[in-house]
Amino acid sequence: MKRNIAPWLEAFLAVAAITWLTATLLPILGLASSALLFLLPVLMAAVRGGVGPGLFAALAGAAGYNFFLLEPRYTFRVHEFDNLISVVVLVAVALVTSRLASRLMQREAEAQERARLSAESADVSNLLAGHPSQTALARAIDLIESRYGRLLLPTNGAMPDDRAAFSSLDLAAAAWAAHNGDITGHASEVMPAADWTFLPLAPKYRRDGGVAALARPMDGTTRSSGQIEHLRQLSLLLGQGLDRQELETERRERELLEQRDHLRRTFLDSLAHDFRTPLTVISGRLSELAQQHPDARDALAAAQRLDRMMNDLIGAARIEGGSLAPHLESIDLIDVVSSTCDDLQIPAQNTLKRNVAADLPFVIADPILLRHVLSNLIDNAFRHAENTVTISAHGAGECVLLEVADDGPGVPPSEQTRIFERFARAEGSDRTDGSGLGLAIVKGFADAMAMSVTVENMDEGGARFVLAIPLAAKAVE
Amino acid sequence: MNQTSHSQRNSVAALTLGAIGVVYGDIGTSPLYAFREALGQAASGGIARDEIVGVLSLALWALIIVVTLKYVLFLSRMDNNGEGGVLSLMALAKRATGGRWPIVLLLGAMGAAMFYGDAIITPALSVLSAVEGLKTIPGMGDMSQPMILGVTVGILVSLFAIQSRGTASVAVLFGPVCLVWFLALAALGLWHIAGNPEILAAFNPLNAVNFLTSHGVTGLFVLGAVFLTVTGAEALIADMGHFGRKPIQLGWVSLVWPALTLNYLGQGALALKALAIAEATGNPMANADWFFLMAPDSLRAALVILATLATIIASQAVITGAYSLSYQAIALGLLPRMTIRQTSEHQIGQIYMPGVNWLLLAGVLLLVFGFKSSSAMAAAYGIAVTGTMVVTTCLAFIIAWKYWNWAPVWTALLIAPFLALDLFFFGANALRVTEGGWVPLLVAAIMGLVIFIWLKGHKATRARTSEQGVGLGEMVKALSARPPLRIEGTAVFLTQDLDSAPSAFLHNLKHNKAIHRTNIILKVENQNAPYIAPDDRLVLERIDDHFLKARLRYGYMDTIDVPSDLARAPGLLDGPGGISFFVGRSAIRVASKPIMPRWMTFIYMNLHRNAADPTAYFSIPPNQVIELGSQIEL
């Protein structure tokens, strides 16, 4: 317990000087002014050394005044009651002055401390504003650690991960802080016996905030409540830094995902084109061959299936690539249906019923795309049908509804929205083959042609895909 | 090696200095009035030489027998894990007798009650007697009584007013100031003994015996006043926990005892000198403020200031002692919970109790205005202190017999002289009940009544609650058979009875129709030991997957922090979902067939309603507490 004795010594010297001065000049100064002069060392001592030296100067001054100046001089004896009062007044004035002076000093010290703290907050903010956020955060943590001791931040979840560093008391305090948004642990009101202080990283109203853990000072002292409050502000700043870091990570991940997607699309595109040419040659030669040799028909069918899948792939690539520009024209639906059905290979045990009236109004569509859509729908229907697939069409107000129905198991309600996504395949449909792109292309092409496509389960069983095709302008009139 | 012994010696020295500032303040300010009062009692028909020597001899031997032999050598060995004081002795005696002897509780309650009587007189008397010293300053002899009372009240009010801000910052100065005080006592004494060495004859106990045998009833009155020399001896054992036995013994033997002895001898020498002058002039000798007259005129003002400082320090020690005793009394269940504030962020155990503080101040002011002079007040002083001493001696007998397992006969033989002496002093003081001794007795009676009603009411409440309660085991079984909705999180239910389901739990289930994933039924118990190590406090007993019984055991000096101590158990509180504390708050109503007399129930109702919030006492943050009310009819 070492104390700086300089202010005490200075106070004593100042009192001695004033005593000597007043004692020698008493006849000139008079008692009243002399008494006032004793306030000078008190003020000086209080300003320079605080309450202790101030009080010391006051008492020493009172003693010196009593001994050297007050009648009878050179004794501590007090003869008249008034004289005692003047000693008391001197002490009282000295006490008040020293209190005031030291309070001013205290205020100044507090103001300086506040300035220091806000400067520190600003430093941390500046560090956190740096780029990239990860190093900025690390720098800010380094700054705080260098001034306040070890600091742990959560990297994943609400609590710092280094669980080995914590006792069960610390863990409970951390859980409390994470759940309630209170400061807990060392130097707080909740579980002050813990070795760490847990500071919420987010304001209290946010429920998802994590907590930072700050080790108690190495020298075993308790942090002051002011310091804890300041550290809370800093931890809120750190929380913002963490949020920023998280956002940045998210953005980077999204960019990465987009890049990967782009790469995949380009790949698909070129793949589709490069397969196309040899496949055309193969299926051409095979169809020639099949006319002469019935044995080659399976090969032709396989090639045709491959061709359709290729078509789908290219279609998908076109939809994805945004290069789909439909050539819309007035067409007769029955032509499209017939030409599509003619090209179809109907599986052996299945039948295709056509129920399309010849007097349907003209519709507006891209004939090639519509054919693709229709063939995909029929293809899909055959894949799920037990026996029969029915194509029907009828007018309904401003559009013609083209329906493709099967007598299969139908589409589970949960799948009905997902079914038009790419690579979505109905559950239990593994036995059927297909690219998984067919319906996605149906949806993509239908959207491009301003048609809507929906799926529903029929009462008598089986699924029904409904394509609403807008009427041609002439027909509307 | 060398260094450790050096630092050990250093710390003993530091502790001794600290003890001098706290422990001996009360006994060290007795010279201000003790000799004067004793001589005043003897001086009904003028003072003779034999009377001066006789009174002095009594005082010296009182210090030797009561303080040195009984307290410093004997009672200081009787500690409850290092803690002393009347309640620590009570707790130790309870432990030794298995808590079955009602007399132990009665003695403890009596001792505590009388301590409060002591605690209001000590500040009033010592500060007043120091301020009265102003009159002995040359030129101030005409100071009027209202002025003295004004200064005294000013000092006392400011002393009590600053308590809330904590005294830790100025406490460092207590030791050095008291050291100066005792050195001044010794120096003044030596100076006067040198002028009149024949006073040393007072060491001969025959003088005391002769005085008593020749003075009859007056002798008893004198004895009551002589007893003032040993007031404050109780602090020697009460503060043992803070400083340890060695520093207290060392401080007494090496400094305080010699200083007091020299000073009393000096006062006697001064009185002899005054007697010689009076005889020479032929006037009868008058009693006077011997203590202040010992100082030469020129230093008298300084001595008055020093004495005032010393009495302020002594009063501070008594006030702190009153907080500490109240804290222990609450922990041991003798008093309702009161608001307790920590005054220091850095030091645990620096407490302030507003209720105790303001009640003490009120008592002190009443005394100052009621008695108006230290002489009048001195008549009231002895009885509370001797009462406490009688209690202490009785407890010491029980402890030596039951805890140290001494043979009852030998114990009785050892204790009997002390007890006889205490009773003798008690009787001597009882003679002055009418002169003012009734005041501390009244205070003690009020406190005793409060303690009695609180104990009785508490017992009745517990009996009623367990009558109405549902068995916890059955409850848990029923709940596991038909589980209600479970919500994430931990609920802690505070209860007094671990075997029945807490009413807060039943209410919560009834109204919220859900229970938490983990339910801890918690009982906080106070043990008869002063401290319990944090790791030994919690005893857990699992009932099933969702219910736990927990017992938190605290010593009566421990700082209670329920969340921290629960959290020390691994995995208990660190789960998800947060923690809620459920507290049942019971309102007392008078039953149609009351258990206690109606007036007692009313007092108990008031005590119960005004008792401080239990959650604050248990350090549970108020924003985590759910209070559920219930009614109890007594």
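In this predicted model, strands β5 and β6 (residues 547-554) of chain B pair in the antiparallel sense, and five bridges hold the pairing together on paper. Within that pairing, Arg542(B) has Leu548(B) of β6(B) as its bridge partner. The two strands belong to an open sheet of six strands in chain B, whose order is β5-β6-β4-β3-β7-β8 and whose pairing is mixed. At the edges of this sheet stand β5 (538-542) and β8 (625-633) of chain B, each with a single partner strand, so one side of each is left without a neighbour in the sheet. From one strand to the next, the twist averages 25°.

Chain A has an open sheet as well, built from four strands in the order β1-β4-β3-β2, and here the pairing is antiparallel. Its edge strands are β1 (151-152) and β2 (184-185) of chain A, each of which pairs on one side only. Strand β1(A) is joined by two bridges to strand β4 (residues 211-215) of chain A, and the two run antiparallel. Across this pairing, Leu152(A) stands opposite Ala213(A), which lies in β4(A).

The helices of chain B can be followed next. Two packed helices are described by the angle between their axes and the distance between the axes. For α17(B) and α18(B), the angle is about 170° and the axes are 9 Å apart. Because angles over 145 degrees count as roughly antiparallel, α17(B) and α18(B) are roughly antiparallel to each other. On the α17(B) side, the residues that meet α18(B) include Gly382(B), Ile383(B), Phe397(B) and Trp401(B), while among their counterparts in α18(B) are Pro408(B), Ile415(B), Phe418(B) and Asp422(B). By class, the residues of this contact between α17(B) and α18(B) divide into 15 nonpolar, six polar and one charged.

The loop between α17 (374-403) and α18 (408-430) of chain B contains Ala407(B). Ala407(B) is exposed, because 10 other C-beta atoms lie within 10 Å and a residue with 12 or fewer counts as exposed. The C-alpha atom of Ala407(B) is separated by 44 Å from that of Leu634(B), a residue 227 positions apart from Ala407(B) along the chain.

A second helix pair in chain B is arranged at another angle: the axes of α19 (residues 433-468) and α23 (residues 598-610) of chain B come within 9 Å and cross at roughly 90°. That crossing makes α19(B) roughly perpendicular to α23(B). From α19(B), the residues Val450(B), Ile453(B), Trp454(B), Lys456(B) and Gly457(B) take part, and they meet Met600(B), Ile603(B), Tyr604(B) and Leu607(B) of α23(B). The contact of α19(B) with α23(B) has seven nonpolar residues, one polar residue and one charged residue.

It remains to look at where the two chains touch. The contact between them draws 28 residues from chain A and 26 residues from chain B. On the side of chain A that touches chain B, the elements that give two or more residues are α4 (81-129) and α6 (168-180) of chain A. Of these, α6(A) provides the largest share of that side, with nine residues. Sorted by class, the residues of the side of chain A that touches chain B comprise 15 nonpolar, nine polar and four charged.

Conventions. Residues are numbered from 1 along each chain as its sequence is written. Chains are lettered from A and ligands numbered from 1 in the order in which they are written. This is a predicted model: local features need pLDDT of at least 70, side-chain atom pairs count only at pLDDT 80 or more; totals for chains, interfaces and linings use all residues. Two residues are in contact if their C-beta atoms, placed from the backbone, lie within 7 Å. Ala, Val, Leu, Ile, Met, Phe, Trp, Tyr, Cys and Pro count as nonpolar, Asp, Glu, Lys and Arg as charged, and the others, Gly among them, as polar. Axes are lines fitted to C-alpha atoms, for helices over the stretch in contact, and angles run from 0 to 180 degrees between N-to-C directions. Angles under 35 degrees count as roughly parallel, over 145 as roughly antiparallel, 65 to 115 as roughly perpendicular and the rest as oblique. A residue is buried if 20 or more other C-beta atoms lie within 10 Å of its own, exposed if 12 or fewer, and partly exposed in between; C-beta atoms are placed from the backbone. Two strands pair if DSSP finds at least two bridges between them.
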